[in-house]
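This report reads through one chain by way of its contacts, its core, its charged pair and its helix packing. Please keep the sequence and the coordinates at hand while following the residue numbers.

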Amino acid sequence: MAEKKATAKKATETKAAAAKKTTTVKKAAAPKAAAKAVLAINAENVGFKAGDVYQALAAAGKALTVKEIAKAAKISEEETLLGLGWLFKEGKLANDGEKVTLA
């Protein structure tokens, strides 16, 4: 009779262990962050971005914020800042508070 109890106990332990294994919940992998586009910083690319910024400001005909320029030129804010730096260095832009306008 003692042998029967020991066998029943082992069977119960085995079932409990099997139940633990089958109830393991798999978590969904976190979605990967969108890969950022690599911005090549060289004179040619920065010059093109400066041209995009200049054209956006000329088309608007008024002072714009960095976000507005980026949206109008269809470029990122980082690219907009590169273009603004180029144009400020050339003296083509004027600062109007938080906005930028053509000089």
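## Contacts of Leu-57

Once its neighbours within four places in sequence are set aside, Leu-57 is in contact with Lys-62, Leu-64, Ile-69, Leu-93, Val-100 and Leu-102. These contacts, like everything else described here, belong to a predicted model.

## The nonpolar core

Leu-57 is also a member of the largest nonpolar core, a set of twelve residues whose other members are Ala-50, Val-53, Ala-56, Leu-64, Ile-69, Ala-73, Ile-75, Leu-84, Leu-87, Leu-93 and Val-100. The elements that supply two or more residues to this core are α2 (43-60), α3 (66-73) and α4 (77-90), and the largest share, four residues, comes from α2.

In soluble globular proteins, nonpolar side chains tend to be buried together.

## Overall organisation

The chain contains four helices and two strands, and these follow one another along the sequence in the pattern α-α-α-α-β-β. Of its 103 residues, 18% count as buried, while the area that the chain exposes comes to about 8,300 Å², with carbon and sulfur atoms supplying 59% of that area.

If one considers the contacts between residues at least 6 apart in sequence, 49% of them join residues that are at least 24 apart.

## The salt bridge

How many salt bridges does a search of the whole structure find? The search returns one, and it is formed by Lys-49 with Glu-79, whose closest N and O atoms are 3.7 Å apart. This pair links distant parts of the chain, since Lys-49 lies in helix α2 and Glu-79 in helix α4, 30 residues apart.

Are the two partners, Lys-49 and Glu-79, buried or exposed? Lys-49 has a relative accessible area of 19% and is therefore buried, given that the cut-off for this class is under 20%. Glu-79, at 16% relative accessibility, counts as buried because its value also meets that cut-off.

## Packing of α3 against α4

Helices α3 and α4 pack at an angle of about 105°, and their axes are 9 Å apart. Because angles of 65 to 115 degrees are classed as roughly perpendicular, α3 is described as roughly perpendicular to α4.

Where the two helices meet, α3 contributes Val-66, Lys-67, Ile-69 and Ala-70, and α4 contributes Glu-77, Thr-80, Leu-81 and Leu-84. Among these residues, Ile-69 and Leu-84 also appear in the largest nonpolar core, and Ile-69 is, in addition, one of the residues in contact with Leu-57.

Key. Residues are numbered from 1 along each chain as its sequence is written. This is a predicted model: local features need pLDDT of at least 70, side-chain atom pairs count only at pLDDT 80 or more; totals for chains, interfaces and linings use all residues. Side-chain values use heavy atoms; hydrogens and water are left out. Buried means under 20% relative accessible area, exposed over 50%, partly exposed in between (1.4 Å probe, protein chains only). Contact means heavy atoms within 4.5 Å. Accessible areas come from the Shrake-Rupley method with a 1.4 Å probe; for residues, only the protein chains shown count as cover. A nonpolar core is a set of buried Ala, Val, Leu, Ile, Met, Phe, Trp, Tyr and Cys residues joined through side-chain atoms within 4.5 Å. A salt bridge is a side-chain nitrogen of Lys or Arg within 4 Å of a carboxyl oxygen of Asp or Glu. Axes are lines fitted to C-alpha atoms, for helices over the stretch in contact, and angles run from 0 to 180 degrees between N-to-C directions. Angles under 35 degrees count as roughly parallel, over 145 as roughly antiparallel, 65 to 115 as roughly perpendicular and the rest as oblique.
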